[in-house]
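Let's walk through a protein model together, one question at a time.

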Amino acid sequence: MTQKKDNLYDAVNADWEAQAVIPDDKPSTGGFIDLRDEVEALMLETTDEWLAGNNVPDDAILKSFVNYHRLASDWEQRDAKGAEPVKPLIAKYQALDSFEDYNAHLVELEQAGLPNAVPLAIEPDFKDAQRNVLWADSFGTILPDTTYYADDHPQKKELLDKWLEIQTELFKKFGFDDAEAADILKKNLAFDAKVAKYVKSNEEASITKDWYHPYTWDEFVQLAGALDVTTLVQAQIGTTPEQIIVGDERFWQNAGEFFSEAAWPELKAHLLVSIVNSFTAYLSEDIRLLGGAYGRYISGVPEPSSQRKSAYYLAEGAFDQPLGLWYAGEKFPAEAKADVEHKVQTMINVFKQRLQAVDWLQDETKAKAQAKLDVITPHIGYPEKLPERFSKRVVEADDELVGVAQKIREQATAEAWSRWNQPVDQTEWSMPANMVNAYYSPQQNQIVFPAAILQAPFYSLDQTASQNFGGIGAVIAHEISHAFDTNGAEFDEHGNLNNWWTEADFAAFKERTDRVVAQFDGLEVEDVKVNGTLTVSENVADLGGLAAALQAAELEDDFSANEFFTNWARIWRNKARPEFAKMIAATDVHAPSRYRANIPAANFEEFHTTYDVQPGDGMYRAPEDRVIIW
């Protein structure tokens with residue numbers, strides 16, 4: 001039997017892992033995912049009742065959800081129509097006969113919420129986080145990361161061949177003949193290969209401050225070249241902006257590779273692939289299955305989700321926040337909300353104490369850090385109000401499924417553009433209350449904990465204080481720590497990108513975070529090495545979260561270090577399919593779960609003392625090699 005001093009994760013989770021069964025339609029199970037499955041089961045059972053006309057809430061928005069859900073669940077109608085509802089949209093793209101013609105239709109496609117290959121968005125300005133501004137983004141790639149495009153990558157050919165095979169079958173469902181489909185897909189693969197040359201890798205994208213490149217509008221127009229971005233943007237906001245933030249600068253510096261008459265054949269192929277794949281979830285069962293086949297392949301998932309789940313999630317995507325509020329009202333009592341709010345304040349106070357005690361920061365930098373903590377805003381359980389956009393999503397019982405989807409896309413596009421040059425809504429959440437997750441927003445200096453994560457093993461009124469601090473306490477402190485991780489540390493208390501460090505203090509901080517990089521770099525999962533640089537931000541937050549949660553737990557009269565570390569390891573239990581584990585290890589900013597449990601814990605003297613960890617034990621780390629940042 002594995003002992004905690006040799007491998008904390010295995011000692012706590014080995015028996016569970018031996019018995020755990022990954023659902024056939026999922027890539028993994030455990031920890032967060034078990035709770036997600038429980039929430040999913042509740043939502044499916046409840047919404048099935050609503051579909052049957054039973055216990056439907058007296059709420060206009062949820063009634064529109066039920067109507068939408070019923071349309072999505074009518075598989076007889078969906079199968080009878082096949083690809084027909086989308087063919088008129090595809091014909092619009094087929095009719096585009098030149099780059100000039102494409103430019104002339106950009107506004108129409110944008111306002112319809114249809115693919116137009118111009119990646120613009122309205123988001124907060126990093127230098128003025130209270131104001132929404134225009135950003136220029138870049139394209140995604142077929143493979144999980146740009147690193148997969150290296151000639152010697154072992155999965156490059158396999159995955160591209162599988163994508164081509166699936167897309168060939170999918171295009172046939174939309175009436176393309178073999179030669180036509182082959183030509184389009186060949187050109188799209190060439191387009192994708194060019195994209196991979198210029199867009200950021202996941203590692204590059206993980207450095208938040210490197211997304212910020214302000215350009216005057218005239219400068220951006222020069223970058224965009226033949227692409228008529230001025231007409232497009234003027235049609236959405238009624239004027240020409242003075243400035244745009246270019247996120248992926250290298251992509252736009254090579255925009256001529258994608259937006260020009262010479263590039264038009266490949267761009268048109270990209271647009272056709274985009275529109276064919278945009279509505280697969282709304283069509284017949286055979287098309288739905290093909291639409292998700294590539295994702296299942298790269299994740300190793302043997303079976304697609306059921307029609308029942310597919311229909312629910314399709315409708316849920318348009319009504320996630322209202323459904324989250326319903327969930328919170330049913331499952332998150334006021335007593336639990338008050339208790340978690342108290343824990344959050346406790347964690348903030350502990351973090352303040354820890355910051356003040358840090359001996360490698362000058363007082364000037366400490367004062368700035370304390371100021372950031374003083375105004376950090378916690379949101380617990382559920383938002384106080386719904387965004388107005390949900391009341392506009394009216395779905396009638398006799399609507400048509402794809403037509404409703406198009407209407408919602410149009411509304412979402414108009415709503416997004418309407419935020420330009422407006423104050424950022426500080427009350428809006430980026431997650432619904434029924435999502436098992438949490439986040440910190442550096443631009444808003446907020447921490448958010450949806451109701452669904454506030455249950456065992458993370459949190460329960462029936463668990464001991466030590467268990468709760470090892471679970472939700474560490475998660476809360478993890479999110480607080482993001483304010484001072486390698487990305488959050490670049491933003492001030494107002495959410496603005498602003499260097500508030502002395503040069504010496506930031507050098508000392510980097511020396512410590514580099515040691516965290518070294519602790520994770522090169523660890524293996526399924527023969528894939530963990531990238532310590534890609535995961536450093538999350539690893540720093542884990543380390544800071546565990547440190548603050550441990551100190552808070554020690555304040556309790558019934559503190560048990562064993563209960564604390566045991567529950568810390570329990571929340572990270574995870575069993576994944578090999579294909580999924582391999583992809584996550586290579587591409588995710590989060591380290592694999594077993595390392596998230598073990599590596600931070602081994603940095604603490606309390607862990608070594610509790611389990612009598614000695615040189616030669618698997619979890620032993622010499623005092624001089626331990627890293628505590630916050």
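Here are a few questions and answers on a helix pair and a sheet. This is a predicted model, where local features need pLDDT of at least 70, side-chain atom pairs count only at pLDDT 80 or more, and totals for chains, interfaces and linings use all residues. Residues are numbered from 1 along each chain as its sequence is written, and side-chain values use heavy atoms, with hydrogens and water left out.

Q: How do helices α2 and α17 lie: roughly parallel or roughly perpendicular?
A: Helix α2 covers residues 31-51 and α17 covers residues 320-331 (helices are DSSP runs of H or I, at least four residues, and strands are runs of E, at least two, numbered from the N terminus). Their axes, lines fitted to C-alpha atoms over the stretch in contact, are 12 Å apart. The angle is about 105° (angles run from 0 to 180 degrees between N-to-C directions). Since 65 to 115 degrees counts as such, α2 and α17 are roughly perpendicular.

Q: Which residues of α17 meet α2?
A: Contact means heavy atoms within 4.5 Å. From α2 come Val-39, Leu-42, Met-43, Thr-46 and Trp-50. Their partners in α17 are Leu-323, Trp-326, Tyr-327 and Lys-331.

Q: Which are the edge strands of the open sheet?
A: Four strands are ordered β2-β3-β5-β4, with mixed pairing (two strands pair if DSSP finds at least two bridges between them). An edge strand pairs on one side only, and here these are β2 and β4.

Terms used: Angles under 35 degrees count as roughly parallel, over 145 as roughly antiparallel, 65 to 115 as roughly perpendicular and the rest as oblique.
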